Amino acid sequence: MASSGPIMDLDAAAWAALLLSLRVASVAMLCSLPLALWVAWILARKEFRGKGLLSAFVHLPLVLPPVVTGYLLLLGFGRNAPLGSLLESLGIGLAFHWTGAVLAALIMGFPLMVRAMRLAIEAVDPRIEAAAATLGAPRISVFCRVTLPLIFPGILAGAVMGFAKAMGEFGATITFVANIPGQTQTLPSAIWTALQVPGGENRALAMAALAGLVALAAVLLSEALARRVAKRISGAG
């Protein structure tokens, strides 16, 4: 019988790696979304001493080698580290657990999310918000009813970028949580493992194609949602 295709011929370990990557990326994106929006709003709307330092700290994971980020996470949250030991005693394991992969993916994708949201907030004319405030609307109401709909495409773009970065994260993840099949082996780690085995190129290529399809689906979904939101905003206007 003819093969049904390289992707469908992948073994259970490859599909497990995909499911773990989707789980890690989704949890990392959802957990970082509120904090990323808050930090983006502060950087876009507030002036304070140390703003440049905060911005540099937020974007630091983009310029640090991912392996360095993973090593720093291991030093801070490893089982022998004070904070890591405390979390372990509370039943929260990070090093060599899938939850640690979430933390690594969150840190690596956070700057991209903040950047996209900050640009969206800066594109909103503050006079629009000020006009709504002069009508007596509370600040939180102005943000939810005026600012949030206008910046929603930017939030969506940041979420997709954070998700995509988490799906593709490798260096920090493998350094912090290792590459344990069925436990911490994400799709990038599985691809790397396949390339270490003679004759594993086809398996690696199939997993790479699978990762590409997931990324493409995420971008298409983002575009569809952004168009729907834009249409709703223009209709309301």
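Student: How far from the centre of the ring of Trp-98 does the charged end of Arg-23 sit?

Tutor: This is a predicted model, with local features needing pLDDT of at least 70, side-chain atom pairs pLDDT 80 or more, and totals for chains, interfaces and linings using all residues. Residues count from 1 along each chain as its sequence is written, and side-chain values use heavy atoms, without hydrogens or water. A charge sits over a ring if NZ of Lys or CZ of Arg is within 6 Å of the ring centre and within 35 degrees of the ring normal. For Arg-23 over Trp-98, the distance is 3.7 Å.

Student: Which residues form the aromatic pair?

Tutor: The structure holds one such pair. Ring centres of Phe, Tyr or Trp (its six-membered ring) must lie within 6.5 Å; planes under 30 degrees apart are stacked, over 60 edge-to-face, the rest tilted. Here the centres are 6.1 Å apart and the planes meet at 45 degrees, a tilted pair of Phe-170 and Trp-192.

Student: How many residues apart in sequence are the parts tied together by this pair?

Tutor: Helices here are DSSP runs (H or I, at least four residues) and strands are E runs (at least two), numbered from the N terminus. Phe-170 lies in the loop between H7 and helix H8 (171-177). Trp-192 lies in helix H9 (residues 187-195), so the gap in sequence is 22 residues.

Student: Is Trp-192 buried, partly exposed or exposed?

Tutor: Buried means under 20% relative accessible area, exposed over 50%, partly exposed in between (1.4 Å probe, protein chains only). Phe-170 has 26% and is partly exposed. Trp-192 has 39%, so Trp-192 is partly exposed.
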